[in-house]
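Student: I have a model open and want to test the labels attached to it. Can we go through them one at a time?

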Amino acid sequence: MATSPPVKPPALPSPVRQPEGDESVVLERLPKKTEPPQMYQVLMLNDDYTPMEFVVVVIQEFFGKDRETATQIMLKIHLDGRGVCGVYSRDVAATKVDQVLDAAREAGHPLQCVSEPVS
């Protein structure tokens, strides 16, 4: 049985000596500044068919508003044609839009809800 002699691992380079004195250079890490995520506002659009009471209930249920605030938002939607129900991150805003559209579809109402970036 022939065995080969063990192979020596390559030698590590010898440490580099720093010159003594004030000639050394120190690199400083600058912290990266990350931007906050883009926020999206969820808007409900006015139509002539969806009952105002249904809009108030949807705002209360999906956006966590009290009855007074939900009524004020509903009136803004009715008078201005659209109203902001809340401001969220992109994924949460998309989920809220889907929830509102599903609830409106189940109830047989043509209520429209969209999200758009906050400018």
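Tutor: Start with a definition. A disulfide is a pair of cysteine sulfur atoms within 2.5 Å. Keep in mind that this is a predicted model.

Student: How do you know that C113 is not in a disulfide?

Tutor: Set the distance against the cut-off. The closest cysteine sulfur to that of C113 belongs to C85 and lies 6.0 Å away. A disulfide needs the sulfurs within 2.5 Å. Therefore the pair is too far apart for a bond.

Student: How many disulfides does the whole structure have?

Tutor: The search finds zero. C85 is in none, and its nearest cysteine sulfur is that of C113, at 6.0 Å.

Student: Are C85 and C113 buried or exposed?

Tutor: Buried means under 20% relative accessible area. C85 has 2%, so it counts as buried. C113 has 3%, so it counts as buried too.

Student: What makes Q41 buried?

Tutor: The same cut-off of under 20% applies. Q41 has a relative accessible area of 16%, so the label holds. Q41 sits in strand β1. Setting aside residues up to four places away in sequence, Q41 touches V84, G86, V87, V114, S115, E116 and V118.

Student: Why is β1 called largely enclosed?

Tutor: Because five of its seven residues are buried.

Student: How is the sheet ordered?

Tutor: The order is β2-β1-β3 in an open sheet of three strands, with antiparallel pairing.

Student: Why are β2 and β3 called edge strands?

Tutor: Count partners. β2 (82-89) and β3 (112-117) each have a single partner strand, so each has one side without a neighbour in the sheet. The average twist from one strand to the next is 25°.

Student: How do you know that β1 pairs with β2 and with β3?

Tutor: A pairing takes at least two bridges. Seven bridges link β1 and β2, in the antiparallel sense. Six bridges join β1 (residues 39-45) to β3, also antiparallel. Therefore both pairs pass the cut-off of at least two.

Student: Which residues face each other across these pairs?

Tutor: L45 stands opposite R82 in β2. In β3, E116 is the bridge partner of Q41, and S115 is that of V42.

Student: Which helices pack on the sheet?

Tutor: Helix α1 (residues 52-63) does, touching β1 and β2, and its direction makes about 160° with that of β1. Helix α3 (residues 90-107) does as well, touching β1, β2 and β3; its direction makes about 135° with that of β2.

Student: How do you know that the span of α3 agrees with the expected one?

Tutor: Use 1.5 Å times one less than the number of residues. For the 18 residues of α3 that gives 26 Å. The end C-alpha atoms are 26 Å apart, so the two agree.

Student: What about α1?

Tutor: Its twelve residues should span 16 Å. The end C-alpha atoms are 16 Å apart, so α1 agrees as well. Next comes G64, whose phi is positive, near 65°. Just after α3, G108 has a positive phi of about 80°.

Student: Why are the buried residues of α3 said to line one face?

Tutor: List them. They are A93, K96, V97, V100, A103 and A104. Seen down the axis of α3, they fall within an arc of 135°, so they line one face of the helix. They pack against β1, α1, β2 and β3. On the other side, R90, D91, R105 and E106 are exposed.

Student: Which residues of α1 are buried, and what covers them?

Tutor: F54, V55, V56, V58, I59, F62 and F63 are the buried ones. The cover includes β1, α2, β2 and α3.

Student: What makes M74 buried, and what does M74 touch?

Tutor: M74 has 8% relative accessibility, and the cut-off is under 20%, so M74 counts as buried. M74 lies in helix α2 (residues 67-80). Leaving aside neighbours within four places in sequence, M74 is in contact with M52, V55, V56 and I59. M74 and I59 are 15 residues apart along the chain, and their C-alpha atoms are separated by 8.2 Å.

Terms used:
Residues are numbered from 1 along each chain as its sequence is written. This is a predicted model: local features need pLDDT of at least 70, side-chain atom pairs count only at pLDDT 80 or more; totals for chains, interfaces and linings use all residues. Side-chain values use heavy atoms; hydrogens and water are left out. Helices (H or I, at least four residues) and strands (E, at least two) are DSSP runs, numbered from the N terminus. Axes are lines fitted to C-alpha atoms, for helices over the stretch in contact, and angles run from 0 to 180 degrees between N-to-C directions. Contact means heavy atoms within 4.5 Å. Buried means under 20% relative accessible area, exposed over 50%, partly exposed in between (1.4 Å probe, protein chains only). The arc is that of the directions from the helix axis to the C-beta atoms.
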